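This report describes how the parts of one model touch each other and how its chains are built. Look at the sequence and the structure before reading on.

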Amino acid sequence: MSVAPPTRRPAPAREGAGRTGSVASSAPGRTQRRPRTTILVTAILVVVAVYFLVPVYWVLVAATKSTDDLFTTNGFWFSDSPQLLTNLRLVVSYDGGLFLRWLANSFLYAGVGAVLATYLAAAAGYALGMYRFRGSGLILGVVLGGVLVPATATALPLFLLFSQVGVANTYWSVLIPSLVSPFGVFLCRIYSQAAVPVSVVEAARIDGAGELRIFHVLALRAMAPALVTVLLFQTIAIWNNYLLPLVMLADSRLYPVTLGLTTWRGQVDRLPEFYQLTIGGVLVSVVPLVVLMVLLQRFWRGGLTEGAVKA
Amino acid sequence: MTTLSRRSLLRGGVLGAAGLTGLTGCGTVGTAPTSSGTIPPAASGEVVRLQYWAWLKDLQQVCDVWNAQRPDVQVEAVWIPGGNVGGYQKLFAAIAAGSGPDLAQVEMRNVPSFLLQGGLVDVSQYGFDEVAPRYDRALVEQVSFLDAAWAVPQDSGPMATFYRPDLLEEVGAGPPATWAEWLDVARAVHEADPDRWLESFPIDDASVFIAYASQAGAVWFTPEDDRWLVRMTDDATLAVARHFDTAVSEGVVNTSLAPYEPGWFAAVGDGRIAALTSGSWGDALLQGASGASGLFRVAPMPVWSDIPGSYGSSYLGGSTLALMAGSEHPHEALEFATWMTTSPEGIDAMIEHSGIGWSPATGYIGAAREEGSEFFGGQTYGAEVFAPAAQEQNLDWTWPPIAQQVMDGLSDRFRGVVGGGTTMVDAIAAMEGDVVEIFREKGLSAEVAS
Amino acid sequence: MSAPTAARSAAPAGRRAGRGAGARGPDGAGTTRSRGRGRSSGVRRAPWVLMAPFLVVFVLSFVLPILYAVGQSFTRVQRSGLFGEEGTTSGFGGLANYRQALEGTAFVESVGRVVLFGLVQVTVMIALATVLALLLESASARWPGAFRTLYFLPYGIPGVIATILWSFLYVPGLSPLVDVAGAVGLDVDFLGPSTVLWSIANIVTWAYAGYNMLIIVAQLKSIPGELYEAARVDGAGPVRIARSLQLPLIRPALLLATVFSIIGTLQLFAEPQVLQSVSTAISNEYTPNLAAYNSAFNNNDYGVAAAQSVLIALAAFVLSGLFLALTNRKDRS
């Protein structure tokens, strides 16, 4: 399932290393900076940077070309008649602005799905971490097992199930499975044990606060760093989701941008103008994400470090 | 968007659980075709809305021609990915879910598979037999099983050879009339320029090989009583396999660029591919190759002069308009389907907007097809080449309900031919046994014909 | 836990308290029992109330479908007539679906393919991530922040879109890479039978190396400064520090990243599925997940698809079990 956390990317590191948590200004070899080494190291870093940038650069160049130029001019340089705006206008206006709708859908699935998933994971993780009750071990085991089940195993039966209650091919069919983040539960469980002070909980209880109130007022705040991590992971997981919408959705107006662009990609063989649509669409969908990644980098590293430190 | 209460969610859970215990409930997707009475036409005054899933471009414009005339039956076209690259997955899923469109584009060869899944309406019940004479006989044969017709022919793909006279002249050749000549020309072209080939042979798409075998007179699948007889290693098939084994092992056909893939178009644009033997629908696609305008001509495909009982042409591809079992308006759907595929205005609209393949109707190939095309240097190849080709078909060929698996399995084995690990002859012999096994795994009975 | 057992469990909980996580919280044992009945039942109900929303969705979208799939994997369809028109029945089929999945060479080959892929790709990616992290954290690197951000960028691009992007760079005629290689006399084919697996590996590496690098950077940053000081006092140079100080300390993270990546590899789906349209070398059964998808949606063999999925899940369980065994041994030593 989509929501199965990071399949390819590992869970945020939390084992071992760095229990001390003293994030020192750690660069070793601070003693002297040898110019020759600096040049060598920086050169290596630049070469690697080129590798990471080439596809993005290519799509930027390609998005300015006509379909003919795409095949006849040098792929790494602009053609004589750039037409970026024409192409982008085509992307956003094709089929009544379908592409914008896909983008909006992606934001909807990822935004709403991730927020709710984080809340559910926080509540469940807190329950598993802070209460001792019969069956908690079993539940934790089953939830963790869910991480390992391949998406295809659940997608088809889920589709049949949803079809019977008339949910397939609706927003719900993608949203509901996106609400599950077994990995989030796991992280929240660990984090609540580490970060929610027992004494404060006890004190609140003596003051007559209900359990749900304690969770909402005290625990959620204490768990905030872990919640940010879960939120980011789940957002990316849903945003990247492909198989689930592929199976669930027949109506292209419900597609997320990933599925929409592969649909366009699938038409280039017969209709070459779809090269322009696909390439322009890729550019448009990549740019906001790249900006977001840069802006949120601090949180990413924060989350990862927190995960490592607190676990 | 449907709203969903927690209660209906729970009900879903209960239903799912019920399916679990029963294991036959919602899970058994492959149900038999049923003839549970016909659905009457809609009452007059009611506006019928039909959905039509297909991968033809601009199909809505064709539907709109109809919609303008028939306010009581409005057809909406929904684009799906082409057949096996995503469209069928969606259709099968919809059948399993008991939902989906009224009409769908289903290739000829996949009609039996949809029949096996219980996804089709018996169109004979709704009067197809009366209009059947308007279609090419070979096509009606291909959609008829169990004494009924199960889909409306939409377009077909009689085969011919698109070629570049200029490139062939360089080696002193014209379009090859026989497959033996074809091999000689292929050798000459590749020898003269190692970066040029006469043709690509799509190693990952066995449907082309099957079309050649069918041209040679092979009939791989024959229904007999309640079982399927499989005959894939007849003389005709093996002769065809040996022929292409030779071409591939000598490297005189290109096996890495499959026709109509981006790399192939680029090669055509560069003049590295001199010819393409393909279905009639290839004419529209070929025009996607940049800089190729005016360079191509069309000739009849090569024939198997030394195989007795072989035919002048074959079919590659070709689609039907299938009425899906979930449709609530089969009468109106068939009406529309018949209009689109047999009326001159329907056929012309399909050619103009969707660049569709060969008209399935006898006697009308479409106004545009009567004229010459600039891309092909003004040649009136429609009447000249394809119209006769449509009449030189192997009428005995029958597709099985496992066509896709046969083609996938064969393609997988053919991929090994490129590396030199096996030959097409061996691949087919091995596949024959597999095919019987695939039938049995579907719960059907089959055996190799003796 | 019910009251009687709760009392017993209080003791071990208390013992564990010293180690930290174990016994924190309103553990429903001694602490709450002494207080009024209502309170106690409130505490006992609370975890279930908190978990309920998650469990409902989890059961609906994970547990039920999985049970259903397991059931399907033991179900066979039997038909009479040419198309099942004379009756179709389905019933218990024993291991027939599993036999069918394993008998065909394609599925087994696909497993072998992703294992090979995993061994090579994951190794390369983790090595690349580690080297980049070490270089960025070394004093010799200029503008480490900018490089770090840059390397991390592809992680924000969905795998499907990354694949579309790279597919354009692989296709001859469109790809400037092929052109450039051709200009220097190299005839490269990114999409051929022997190369396309590594072209996929490249996409995956491109997308996830930066992410793994970031994790390792985070780990490196948490190594206390004193350790570096001590090493330097001992006269260790940067290479020596990397080898004998940094690498051992980030090893657990590396191991974890590796195993998760291998499990991810087993699930490879979107990349080959999208590349299928440009490469003749990718079959419908190229990876296990693709094979299961193909069985279900192309062949309508839901039973076989379910069996294949169960087998993939089992493989993932075995792999993660191996991982746990490995790390446990490491912890003990």
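How many residues does the contact take from chain C and from chain B? In this predicted model, 40 residues of chain C and 53 residues of chain B take part in the contact. On the side of chain C that touches chain B, two or more residues each come from helix H3 (37-73), strand S1 (75-79) and strand S2 (88-92) of chain C. The most, 7 residues, are given by H3(C).

Chain B itself is divided into two parts: domain 1 covers 46-156 + 316-362 + 369-391, and domain 2 covers 158-315 + 395-448. Their C-alpha centres are 25 Å apart. Where the two domains of chain B touch, 29 residues belong to domain 1 and 30 residues to domain 2. On the side of domain 1 of chain B, helix H4 (111-116), helix H6 (137-143), strand S11 (315-323) and helix H16 (381-391) each give two or more residues.

The table sets out the residue classes of two of these contact sides.

| Contact side | Nonpolar | Polar | Charged |
|---|---|---|---|
| Chain C, touching chain B | 17 residues | 20 residues | 3 residues |
| Domain 1 of chain B, touching domain 2 of chain B | 16 residues | 11 residues | 2 residues |

Chain A has 13 helices and 0 strands. Of its 311 residues, 56% count as buried. Among the contacts in chain A with a separation of 6 or more, 78% join residues 24 or more positions apart.

Terms used. Residues numbered from 1 in each chain as written. Chains lettered and ligands numbered in written order. Predicted model: local features only at pLDDT ≥ 70, side-chain atom pairs only at ≥ 80, totals over all residues. Domains from an automatic or database assignment. Contact = placed C-beta atoms within 7 Å. Helix = DSSP H or I, 4+ residues; strand = E, 2+ residues; numbered from the N terminus. Nonpolar A, V, L, I, M, F, W, Y, C, P; charged D, E, K, R; others polar. Buried ≥ 20, exposed ≤ 12 C-beta atoms within 10 Å, placed from the backbone.
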